[in-house]
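Subject: Structure handover

Hello,

Here is the structure I said I would pass on. My notes on it follow below.

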Number of protein chains: 2
Amino acid sequence: MRELRERILSEGQYIGNNILKLDSFLNHQVDPFLMSKMGIEFWRLFHNAEPTKILTAAVSGIAPAVHAAASFGVPLIFARKARSITQRDVYVRYIPSPTKGGDVQLIVSKEFLCNHNRVLILDDFLATGKTIEALADIVLEAGATLVGIGVVIEKSFQGGRDALQKFGVPIHALTTIVHMNDTGIVLDNGS
Amino acid sequence: MRELRERILSEGQYIGNNILKLDSFLNHQVDPFLMSKMGIEFWRLFHNAEPTKILTAAVSGIAPAVHAAASFGVPLIFARKARSITQRDVYVRYIPSPTKGGDVQLIVSKEFLCNHNRVLILDDFLATGKTIEALADIVLEAGATLVGIGVVIEKSFQGGRDALQKFGVPIHALTTIVHMNDTGIVLDNGS
């Protein structure tokens, strides 16, 4: 996506430890038009997989994923990071948080995932793959079918794609960062 | 909004302590079409206020607010509940969390709010008004202009509207619950 590439290159700030700050349009302030275009792009990449639900992780996955859910015409589930008193039977995984430190929980109520569901996982970043691996584990534990994994930005140098190959589903990134440091960000030509 | 009323009455579960569980279409699983219709309805109610930014609180405000942001054609900022290492100078408020217990933080980076902004606050619920009051305080501390407050559901028996009158801006709810307990949910006829 050309527009996404341009926004990353003009507004992204590398702040060390493999963290890219994109707070101006994705992770804190959100450009709704860019989210909408991403949603359509995810539909183009995954509509043949015929998902019936989309699963993402709070917080930053929600904005792009809810627009994608509208493009697919299916519900979105966002895994919570804190359990609500409205939740009874839940699936839980623990993952490390690179931007907040420590471990965080991913929590999905059992009532919204079942063996009839065909689930597309969408998230903002693919780095080490820990978050998406946890979401995929939840999908499989629920007996649902994982049909694809899509991310806004893949940081290909952190190995996440390799960690997710075991799920045997298509993995697509709207943009791929092949290298970044204090002097700049290098994107894959093809994305 | 008739569709919202119907969904609340058919899927809402009262779980005690003034908490309404709407996890099937708003607070955990999300119906993207309903979010889109809500976004248009917020535009109808507030376009005369000419907001230039929308502010909401993570997590449940994001899905309706990002669709509203698309309707208005303006950026959305979601206040985080945990500080990210990407954030430097921030506005912080502490509010009680009725669904998770204890206090939670609301954190907005200073770089995205300034005295040129006309801010519309949107959130999922208006109950006691503590969350929205904290967001409005942040808007004023930033020197920005608060132009309106919109919520998906107002629980009118919890006094939040009275607590927010001091800000002197239009307050609109897409639906108003006037009473709820174990035997049922009563909505305002007008909403």
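The two copies meet through the same surface, since 100% of the interface residues of chain B are also interface residues in chain A. Note that this is a predicted model. A turn of 180° with a shift of 0.0 Å along the axis lays chain B on chain A, with an RMSD of 0.0 Å. The copies are thus related as by a two-fold rotation axis.

One sheet takes strands from both chains. It is open, has seven strands with mixed pairing, and runs in the order E3(A)-E5(B)-E4(B)-E8(B)-E9(B)-E10(B)-E11(B). At its edges stand E3 (29-30) of chain A and E11 (184-187) of chain B; each has a single partner strand, so one side of each is left without a neighbour in the sheet. E10 (residues 171-181) of chain B runs antiparallel to E11(B), and four bridges join them. In one of these pairs, Asn181(B) has Gly184(B) in E11(B) as its bridge partner.

Two helices of chain B pack on this sheet. Helix H2 (residues 32-46) touches E8 (118-126), E9 (145-155) and E10 of chain B, and its direction makes about 135° with that of E9(B). Helix H3 (residues 62-72) touches E3 of chain A as well as E4 (53-57), E5 (76-79), E8 and E9 of chain B; the angle between its direction and that of E4(B) is about 175°.

As for the interior, the largest nonpolar core has 73 residues, of which Leu4(A), Ile8(A), Ile54(A), Ile8(B) and Ile54(B) touch the most other members. Beyond its neighbours within four places in sequence, Leu4(A) contacts Phe25(A), Leu34(A), Met38(A), Val152(A), Leu174(A) and Thr175(A).

Regards

Notes
Residues are numbered from 1 along each chain as its sequence is written. Chains are lettered from A and ligands numbered from 1 in the order in which they are written. This is a predicted model: local features need pLDDT of at least 70, side-chain atom pairs count only at pLDDT 80 or more; totals for chains, interfaces and linings use all residues. Side-chain values use heavy atoms; hydrogens and water are left out. Copies are superposed by least squares on the C-alpha atoms of residues with pLDDT of at least 70 in both. Contact means heavy atoms within 4.5 Å. Two strands pair if DSSP finds at least two bridges between them. Axes are lines fitted to C-alpha atoms, for helices over the stretch in contact, and angles run from 0 to 180 degrees between N-to-C directions. A nonpolar core is a set of buried Ala, Val, Leu, Ile, Met, Phe, Trp, Tyr and Cys residues joined through side-chain atoms within 4.5 Å. Buried means under 20% relative accessible area, exposed over 50%, partly exposed in between (1.4 Å probe, protein chains only).
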